[in-house]
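Biologist: I should like to go through the terms applied to this model and ask what stands behind each of them. Please set each value against its criterion before you conclude.

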Amino acid sequence: MQPPRGGRGPSPGSPVARVKNWVRSSPGTHIWLLVIGITSLVIASASEGLGQFLVHRTSSNIHELNEHPLPSLLISGFWIERPGSFVLYAVLFELVHANVERWLGSGRWLLTVGGAHIAATLASQELVLLAIEGHRLPRSMTHVVDIGVSYGLAAAAGVLTYRLRPPWRYGYLCGLLVFFAVPLLTGASFTDFGHAIALVMGFAAWPLTPAAAAGGRPEHDGPPTGPGGDRAQPPPDPEPDPGSRQER
């Protein structure tokens, strides 16, 4: 039989194949990142006036939540205010979101980060509303810009704690707590409050993890992974000796 025409595809161990496998193993992360890249290009290429209109129109602030509750909650998670920070977010997505999605599966990953984004947004804007009603913030804060992906990142970073082995887990956990607690304790804004809620929701997502499904067994005690990051398959059971079979 003749080999198919068109040349060879990338070998399983090649860098191109590894990148393809990585993207395929975390499709939600990379679709999300692609959309953020597109919206960042839109903001970067728009005039100043149009850019301001877009970030306000797609915000999940009090005004937009009252006027368009579901669209504002959804759309606000696909924009970032400063397009120049896209590279930083891309690195964080690969380090945090992609690893969490590969570990939890796309459905449980989306439930974790999506639930945290919604809950943190609603809670932080409720805090703004209470501050406005208590005359601690101006009424113009009902139109504050509230877009971005940081709430989802905070939740993913929280649940990623359970993926790490001790003692790295404890160092990582201390780093997370310091990173999110310092702004919260030193002149916190409504976004700092939202980050804290999202992080706690990430910690609370323990029941969705494979370790919880395995009865609390540490992740590193599970079956080993193969060269491409997939679980190595156990060897097939040997064929039993016909003379040793028993009927019941």
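Biologist: What makes H135 exposed?

Modeller: In this predicted model, the relative accessible area of H135 is 74%. The term exposed requires a value over 50%, so H135 is exposed. The residue is placed in the loop between α7 and α8. Its phi is near 65 degrees, a positive value in a residue other than glycine.

Biologist: Why does H195 count as buried?

Modeller: Its relative accessibility is 16%, and the cut-off for buried is under 20%; H195 therefore counts as buried. H195 is found in helix α10. Its contacts, leaving aside neighbours within four places in sequence, are with S150, Y151, A154 and F180. The C-alpha atoms of H195 and A155 are 8.2 Å apart, although their positions lie 40 residues apart in sequence.

Biologist: Why is W103 called buried?

Modeller: W103 has a relative accessibility of 9%. Since buried means under 20%, W103 counts as buried. This residue lies in helix α6. Its C-alpha atom is separated by 7.6 Å from that of P210, which is 107 residues apart from W103 along the chain.

Biologist: What share of the protein chain is buried?

Modeller: Buried residues make up 35% of its 248 residues.

Biologist: What is the secondary structure of the protein chain?

Modeller: It comes to eleven helices and zero strands. Among contacts between residues at least 6 apart in sequence, 72% join residues at least 24 apart.

Biologist: Let us turn to the helix pairs. What makes α6 and α7 oblique to each other?

Modeller: Two packed helices are described by the angle between their axes and the distance between the axes. For α6 and α7 the angle is about 125 degrees and the axes are 6 Å apart. Roughly perpendicular ends at 115 degrees and roughly antiparallel requires over 145; α6 and α7 are therefore oblique to each other. The crossing of α6 with α7 is right-handed.

Biologist: Which residues meet where α6 contacts α7?

Modeller: H97, V100, E101, W103 and L104 of α6 meet S106, R108, W109, T112 and V113 of α7. By class, the contact of α6 with α7 has five nonpolar, three polar and two charged residues. W103, the buried residue discussed above, belongs to this contact.

Biologist: How do you know that α7 is oblique to α8?

Modeller: The axes of α7 (residues 106-133) and α8 (residues 150-159) cross at roughly 125 degrees and come within 8 Å. That angle lies between the limits of 115 and 145 degrees, which makes α7 oblique to α8. α7 passes α8 in a right-handed crossing. On the α7 side the contact has T112, V113, A116, H117, A120, T121 and S124, and on the α8 side Y151, G152, A155 and A156. These residues divide into six nonpolar, five polar and no charged.

Biologist: Why, then, is α9 called roughly antiparallel to α10?

Modeller: α9 and α10 (residues 190-203) pack at about 155 degrees, with axes 8 Å apart. Angles over 145 degrees count as roughly antiparallel, which makes α9 roughly antiparallel to α10. The crossing of α9 and α10 is left-handed. L173, L176, L177, F180, P183 and L184 of α9 form the contact with D192, F193, H195, A196, L199 and F203 of α10. Ten of these residues are nonpolar, one is polar and one is charged.

Biologist: How do you know that the length of α2 agrees with the expected span?

Modeller: Helix α2 (residues 27-45) has 19 residues, and at 1.5 Å a residue these should span 27 Å. The expected span takes one less than the number of residues. The end C-alpha atoms of α2 are 27 Å apart, which agrees. Its buried residues include W32, L33, I36 and I43. The buried residues of α2 pack against α1, α3, α6 and α7.

Biologist: What makes the peptide bond from P166 to P167 cis?

Modeller: Its omega is near 0 degrees, and the bond is cis. P167 is placed in the loop between α8 and α9.

Methods: Residues are numbered from 1 along each chain as its sequence is written. This is a predicted model: local features need pLDDT of at least 70, side-chain atom pairs count only at pLDDT 80 or more; totals for chains, interfaces and linings use all residues. Side-chain values use heavy atoms; hydrogens and water are left out. Axes are lines fitted to C-alpha atoms, for helices over the stretch in contact, and angles run from 0 to 180 degrees between N-to-C directions. Helices (H or I, at least four residues) and strands (E, at least two) are DSSP runs, numbered from the N terminus. Angles under 35 degrees count as roughly parallel, over 145 as roughly antiparallel, 65 to 115 as roughly perpendicular and the rest as oblique. A crossing is left-handed if the near helix is turned anticlockwise from the far one by less than a right angle, and right-handed if clockwise. Contact means heavy atoms within 4.5 Å. Ala, Val, Leu, Ile, Met, Phe, Trp, Tyr, Cys and Pro count as nonpolar, Asp, Glu, Lys and Arg as charged, and the others, Gly among them, as polar. Buried means under 20% relative accessible area, exposed over 50%, partly exposed in between (1.4 Å probe, protein chains only).
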